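Subject: The structure, and what turned up in it

Hi there,

Here is the structure I promised to hand over. Could you open it next to this email and follow along as you read?

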Amino acid sequence: MSNTVALARAPEAEARTLPANVEAEAAFLGAVLIDNRVIEDLPTHLTPAHFFEPVHARIYERVIQLLDRKAVVTPVTLRPYFEADEALKALGGVAYLARLTADSQGLLAPRELAEQIYDLALLRELISVGRNLVESAMDTSESVEPLEQVERAEAALYKVAEGAGTSNEAKSFGTATRVAIQAIEKAFNSGGHVSGKTTGLDSVNQKIGGLHDSDLIILAGRPGMGKTSLATNIAYNCAARLQRDLTDGIAPEKSVGAATAFFSLEMSADQLATRILAEQSGISSESLRMGKISREDFQSLSFASQRLAELPLYIDDTPALTIAGLRTRARRLKRRHDIGLIVVDYLQLLQGSGRANDNRVNEISEISRGLKTLAKELSCPVIALSQLSRAVESREDKKPMLSDLRESGSIEQDADMVWFVFREDYYVNATEPKYPTETDPPDVHEKHRLWSEKMEQVTGLAELIVAKQRHGSTGRVRLRFESRITKFSDLAPEDMRASAYDDD
């Protein structure tokens, strides 16, 4: 029998009520106190916020805390925590805890009771969201933006659909600590010191500990440095790791991989797919585009495409996407495919809400804040590619700095990490002197010889400069870049040679 609580009485109608079933909550708690293992088999993630009766919510919260400590939870072990609870005294005091276990009917269907408690909590949250939507829609003042209201409504409904609508309350330090310990345990068990999502590059993982949930990572560089290539490599590596772990029987929550969403505002989906196929088949992107491949190459390509057919990597190449539209599409992918990593290529091609009054700096600030909000809302890392200003080209030292981020200081402010991609061979190649002939004087030959030695030193080497990191130190990571197939990889031990990349 459903128990309801009156909210308000309409002049011509009976009282309106919120959906709840206090008896089901009591029966479920009784089942848990009789057999603590009931919680292990729940089909839904039940939290104290899902309980309608505040006393029941506090009892369940204490039960969870004690079970986390590997304690046995019974009315007797709960008694010291509730002897001074005033609300419980109204129900008969600590004797109420014993009454919860007097009727063992909850043991007959604890899973069904948990589902009902969860579903009723979602209905109550939906009512709250609907009420707020009606109130905000009634506001017709000039300062109200209808599209912004639609965005807020979509976000609120997404949270209800995900069961997260009741979780926006302040978290206790104990709850936050448990989440932190789980991340530390994940890093310890990964064998690669990865507490977040893997980049697929061991040297990068060791530097940053993986891609952390709720983080906004800005990946910046001048044209030709390989920003999109690195982002594509990371997206593929993360998705492939999840696919491999699932095949090995590892639960998704234990994997350091993740389903990945790649929002490409510059390249089409088939162009990105060609890049990944080139990397996995070992055939150059140029050869694939022009069809200059042998029968053996085509066979390798077919095998690679078969391996990638089930890859949990989703590409959205919608052009001229707004930040609101991106967030809507990301929520949809989260709901349908449980994505755990988002890549945006690139930030400056996103559009704002149009309220920036043609001020590009304000618009970029709105976009960077929107990306950070999205990372927190979906609890997954967001990698956003960004351009750098031309100031880099005017300096003798071409290595980028935080001040080179283009158009807005808010990008640096909102980001949890800022990476720069730097390839010295790009700049050295551009300074090639005149190719000497037999009739040229010795100094021309010498200049070209020195240039050739320099070019040999730096060809295929790249740096990932971690210029900002909230979770650790900054610094540089050396990588190998294979331009033929646009692939970044860790340096082999034999490549750790003296070069222009040595630390000063």
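One definition before we start: a residue is called buried when its relative accessible area is under 20%, exposed when it is over 50%, and partly exposed in between, using a 1.4 Å probe and protein chains only. By that rule E463 is buried, with a relative accessible area of 1%.

Two notes on the source. This is a predicted model, in which local features need pLDDT of at least 70 and side-chain atom pairs count only at pLDDT 80 or more, while totals for chains, interfaces and linings use all residues. Residues are numbered from 1 along each chain as its sequence is written, and side-chain values use heavy atoms, with hydrogens and water left out.

**The sheet**

Helices (H or I, at least four residues) and strands (E, at least two) are DSSP runs, numbered from the N terminus. Two strands pair if DSSP finds at least two bridges between them. With that in hand, look for an open sheet of 9 strands with mixed pairing, in the order β5-β4-β6-β7-β3-β8-β9-β10-β11. At its edges are β5 (313–316) and β11 (487–490), each of which pairs on one side only. From one strand to the next, the twist averages 25 degrees; the axes behind such angles are lines fitted to C-alpha atoms, for helices over the stretch in contact, and angles run from 0 to 180 degrees between N-to-C directions.

Strand β3 (residues 216–220) is a good place to zoom in. How many of its residues are buried? The count is 5 of 5, so β3 is mostly covered by the definition above. Its two faces are both covered: L216, I218 and A220 are buried on one side, and I217 and L219 on the other.

β3 runs parallel to strand β7 (residues 382–386), with 5 bridges joining them, and parallel to strand β8 (residues 417–422), with 4 bridges. L219 shows both contacts: its bridge partner in β7 is L385, and in β8 it stands opposite W419.

Elsewhere in the sheet, strand β4 (residues 259–264) and strand β6 (residues 339–345) run parallel and are joined by 6 bridges. There, T260 stands opposite L341 in β6.

**Salt bridges**

Side chains of opposite charge can pair when their charged atoms come close. Here a salt bridge means a side-chain nitrogen of Lys or Arg within 4 Å of a carboxyl oxygen of Asp or Glu. The structure holds 19 of these salt bridges.

E463, the residue we began with, forms one with R476, and their closest N and O atoms are 2.6 Å apart. This pair links distant parts of the chain, 13 residues apart: R476 sits in strand β10 (residues 475–482) and E463 in strand β9 (residues 461–469). Unlike buried E463, R476 is partly exposed at 25% relative accessible area.

A salt bridge within one helix joins R449 and E453, at 2.4 Å from N to O. Both lie in helix α18 (residues 442–458), 4 residues apart, which is about one turn of the helix. R449 is partly exposed at 37% relative accessibility, and E453 is partly exposed at 40%.

D35 and R37 make another, with 3.1 Å between the closest N and O atoms. D35 is partly exposed at 23%, whereas R37 counts as exposed at 56%. There is also a network of salt bridges linking R327, R331 and E377.

**Aromatic rings**

Rings of Phe, Tyr and Trp (its six-membered ring) pair if their centres lie within 6.5 Å; planes under 30 degrees apart count as stacked, over 60 as edge-to-face and the rest as tilted. There are 6 aromatic pairs in the structure. In one of them, the centres of F51 and Y60 are 4.9 Å apart and the planes are at 35 degrees, so the pair is tilted. F51 is buried at 5% relative accessible area, and Y60 is buried at 1%. Y426 and Y427 form an edge-to-face pair, with 5.3 Å between centres and 85 degrees between planes. Y426 is partly exposed at 38%, while Y427 is buried at 11%. F51 and Y60 also belong to one aromatic cluster with F28.

Happy browsing!
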